[in-house]
Structure formats: C-alpha cells, structure tokens
Amino acid sequence: MGGEELYGQVEYRVLSLEQIEEEQRRNIAYVEDMLKLKPESAAVLLRYFAWKKEKLVETYMEDAEGTLARAGIHEGGAQPRLKRVRGFTCEVCYNDETQETLALSCDHRYCKDCYSQYLTSKIMGESESRRIECMAKDCNVIVDERTVELVVEPNVLQRYRTLLNRTYVDDNPRMRWCPAPNCEYAIHCAVAMRSLDVIVPTVQCACGHVFCFGCSLDGDHRPCCCPIVKRWLQKCKDDSETSNWISANTKECTKCHSTIEKNGGCNHMTCKKCKWEFCWVCMGPWSEHGTAWYNCSRYEEKADTSKDAQSKSRAQLERYLHYYNRFANHEQSIKLEADLYARTEKKMDELQEQSTLSWIEVQFLAKAVETLGRVRTVLKWTYAMAFYLEKNNQTQMFEDNQNDLEQAVESLSELLERPLEEDKIAELRQQTTDKTVYVAKRCKILLDDTLRGYEEDRWIWQEPIRL
Ligand SMILES: [Zn+2]
Ligand SMILES: [Zn+2]
Ligand SMILES: [Zn+2]
Ligand SMILES: [Zn+2]
Ligand SMILES: [Zn+2]
Ligand SMILES: [Zn+2]
C-alpha cells in the first residue's frame, strides 16, 4: 500500500506474446545445438517433454532412438513437402487425379485436401496442436509446425500458433496466463505451490490486472493465504442456502422440519403443518413462555452446556454468520465504491469551481476513495482468515489490528460523505489527507504483521490447511 512494498511480496516477470515465442525459440535452439537435431524435431521433442530440457537431454543421451520414437519423430526422413505423384490414389478420398500430396517422414501419403481437412478439424475442432499425429492409423509420427504451414489456411495456422503458445505456458508450472479477458500477457513467478500456506503470491499484469498467482483468484486476497481462501469460498458456496434462509426470514419447524416463514413482528409462531406453537427467537415451546422457569434467551445457556447436535450446529452457524456477514458487507461496500467514486468525481468538479484549488490539489479525494477500496478488500479477507483461526493471544492481536483498521475505515468513509462547504474545504482536505495516510498505514501494519506471522508460524488453524 502507498507504493511501499509489502512484506513477503513475490518476484515475478510479465511476458508478452513476442517474449513467449522468443523463449521457445531459445529453448529450441539450445536442444537443436546440443543434440544436433533439426529445429522441427527439437520443437516436437521439447513439447513432448513439456519443455523440461534437462530431462529431455538426459533421456535422449541414454536412448536416442527410443526417445525419438516415443516422441513421434522420424529424424532420418526428409522434411515433408507438397509433391505431385503420377498414378497416386488417395486412400481417404479415392481421388486419383494428379494433384498435390503430402507425406510425413513415415511416408504415409495422402492428398493435400485430405490433410488440410484433417489438420483443420484437429486444430479448430479439437484445439489440438503439439501432438497431432500422422493420418495413418496406428502411426504416431507428429505433424510439425513447418508441415502445418504447408497445407492449412492462414486463420487455421494462426490458431495453431496460438494453441502452441498456450501449451508452452500451460506446461510450465512457473507460468500462468493473465486471467483478464482478451489479455495476452503471461506471468512468470517462481513460487513453489507447496509454500502457498505461508506465501501469498499477488501479481500485477502489464494490463493492470491484479490476481493471485497461487490460486488465480482475481484481485489481491492478502492477508488470507490461498488454502484458506479456497476453503472459505467453498464454505460460502455450500452454505449459501443457509445464509439466504436467514436473510429470507425463514426457519425450520423443530418438530416436523417443514419450512416456516415469518411474515410479521410477532414471535409467537404456529407451524401450519403440525400445529406446533413455538417462539421465533429461541425456537422453544410457546406454552412455556411466560412461566416462571422459562427464559426466552435460553439458547445462550444451552449453547454453553448442552451437547446435543442441533444446538451445536446452530452455534457453529451463528459463528459462521458473524464472519460471513462482515465479509459480505465489505464486498458489498466495494461494489458501492463505484457509486462513491462517481460522486467523488462530481465533488472534485465542485471543489474546483468553488475554490482556487487546482485539479492536482483535489486529488486527495480520489486517493481516499482508492485507498478505501483497497483496504476494504484487505478487511474482507481478514474475516475469512479469522473464521479459521484458533482462539489464542496471536489471534487476539490480529483481531485488535483488524478492529483498529475497521474504525479507521469507518471514519474515512464518513469524511467522504460529508457535504462540501466552501469555507471548510481546506479543513476537509487536511482531515481527509491525514485520515487516508492513517488508513493506509494501519493497513500496512496489519498486512505486514499478518504476512510475517505465516513465516513465523504464528497462525494456528482450527483444521489442517494444506492445499
Ligand atoms: Zn484425399
Ligand atoms: Zn505415418
Ligand atoms: Zn493482463
Ligand atoms: Zn491465492
Ligand atoms: Zn411443524
Ligand atoms: Zn422465545
């Protein structure tokens, strides 16, 4: 936040399509030179070995012939080219007119049209690229890039190259495509997947998109680590029915389990199906309400002493809803941020009309809105994290930081909604700027401390969290 790097920020590189192609060419040249192979064969081999060139070279050194055969390469054969062969009949279409034909190094020959149709359907229909085999049944010789160039239309060739580039990134566990729509950049990051329980590898693409390299989730989910994020989102999905039920004002009859809806303010409920009368607040029998021994807030007592499964799961549900409501509330506030931003821009126009402040000088409002959005995202994820944390001193300190940040965010949010008064602009500017700096500072404290806590093994989870 505020331009300063956070604790544990991972290193990464953004690669353009040209750079991805250049990397492939470099690797191909390396293998070509090392093993004295044709570049087409080196490329097929590299793709067969998922670009693990050390493993490729080692395997090849042990058994060159076997390795080539398994990868579908006939290194001895000439590079395929289009050829007219008199008296040739294509065994797919039975056309025997003299026409252009093609055979791979295995010498299985077909007419150009058949090959073109075959490759086009593989590329366009099946999105296949690196492992397209010879048309002959049971022949595993791979069609290389130069051969594809000979027979397909330009749009198919372009698609083929896109698919090849895609496999290059997909085959490399240290690379990922930017998930933003229509973005063609890839990110290279050396973080090991097994360390995702202590490192949150947030990256930003050259297109501006921020995402997690570990789990590919959009945005920055720090300080929550990937396994907790995954668990939490799954829980929210599984329990969405329950949380909707709560907000929809429906409960289940404790006798017959049919769904009961609350339509009015009265807590005296009667189940339509089994006629059971109960209290909406505590779900206890209505007949006992008003008697001396009955306490409507029994749930609290019961939660502490009772061992029965239903109240246990209710207590768990209430605990979950505590965190879920706060998580969801920040999420909603972030969505409302778009409105707030629009209002802020209008406010900035007003400011410039009313005072001698320049555009640069009213940037404090834009900065405040931006900071608010980012900090709310951080706060949102702290609730997912807190839900899984064991209660102890470390968690207590984490929640103190969380609470401080909540309060700071509330007061900044309040400042932004304050009406503009001409004679108070200078004061507002000062207060907002100060508060923005404070919020960013508190946020960095929380993030740095929490991220450091992972490495220091300070966070004790209620359940094992390995990915
Ligand atoms: Zn044919
Ligand atoms: Zn063949
Ligand atoms: Zn991008
Ligand atoms: Zn992640
Ligand atoms: Zn009932
Ligand atoms: Zn009651």
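## Close-up views of a predicted model

**View 1. The largest nonpolar core and its best-connected members.** Of the 48 residues that make up this core, Trp232, Met385 and Trp461 touch the most other members. Five helices each supply at least two residues of the core: helix 8 (226-238), helix 11 (309-354), helix 12 (363-388), helix 13 (393-416) and helix 14 (425-455). Helix 12 gives the largest share, with 16 residues. As you look around this view, please keep in mind that the model is predicted.

**View 2. A salt bridge within helix 14.** Here Lys444 pairs with Asp448, and their closest N and O atoms are 2.5 Å apart. Both residues belong to helix 14, where they sit four residues apart, about one turn of the helix. Lys444 counts as buried because its relative accessible area is 14%, which falls under the 20% limit for that label. Asp448 is buried too, because its relative accessibility is 14%. Helix 14 will be familiar from the previous view, as one of the helices that each supply at least two residues of the largest nonpolar core.

**View 3. A salt bridge between Lys137 and Asp138.** The closest N and O atoms of this pair lie 3.9 Å apart. Lys137 has a relative accessibility of 73%, so this residue counts as exposed. Asp138, at 76% relative accessibility, is therefore classed as exposed as well; the label calls for over 50%.

**View 4. A salt bridge between Lys36 and Asp33.** In this close-up, the closest N and O atoms of Lys36 and Asp33 are 3.6 Å apart. Both of these partners are exposed.

**View 5. A salt-bridge network.** Three residues come together in this view: Glu145, Glu149 and Arg161 are linked through a network of salt bridges. For a sense of the wider setting, a search of the whole structure finds 19 salt bridges.

**View 6. A negative patch on the surface.** Glu58, Glu62, Asp63 and Glu65 form this negative surface patch. Among them, Glu58 is found in helix 3, which covers residues 53-62. Why does Glu58 count as exposed? Its relative accessibility is 53%, and exposed means over 50%.

Key:
Residues numbered from 1 in each chain as written. Chains lettered and ligands numbered in written order. Predicted model: local features only at pLDDT ≥ 70, side-chain atom pairs only at ≥ 80, totals over all residues. Heavy atoms only, no water. Patch = residues over 30% accessible without salt bridge, like charges linked within 9 Å, V, L, I, M, F, W, Y side chains within 5 Å. Areas by Shrake-Rupley, 256 points an atom, 1.4 Å probe, with all protein chains shown as cover. Salt bridge = Lys/Arg side-chain N within 4 Å of Asp/Glu carboxyl O. Lys, Arg positive; Asp, Glu negative; His and termini not counted. Charge placed at Lys NZ, Arg CZ, Asp CG, Glu CD. Buried < 20%, exposed > 50% of the residue type's maximum accessible area, 1.4 Å probe, protein only. Core = buried A, V, L, I, M, F, W, Y, C linked by side-chain atoms within 4.5 Å.
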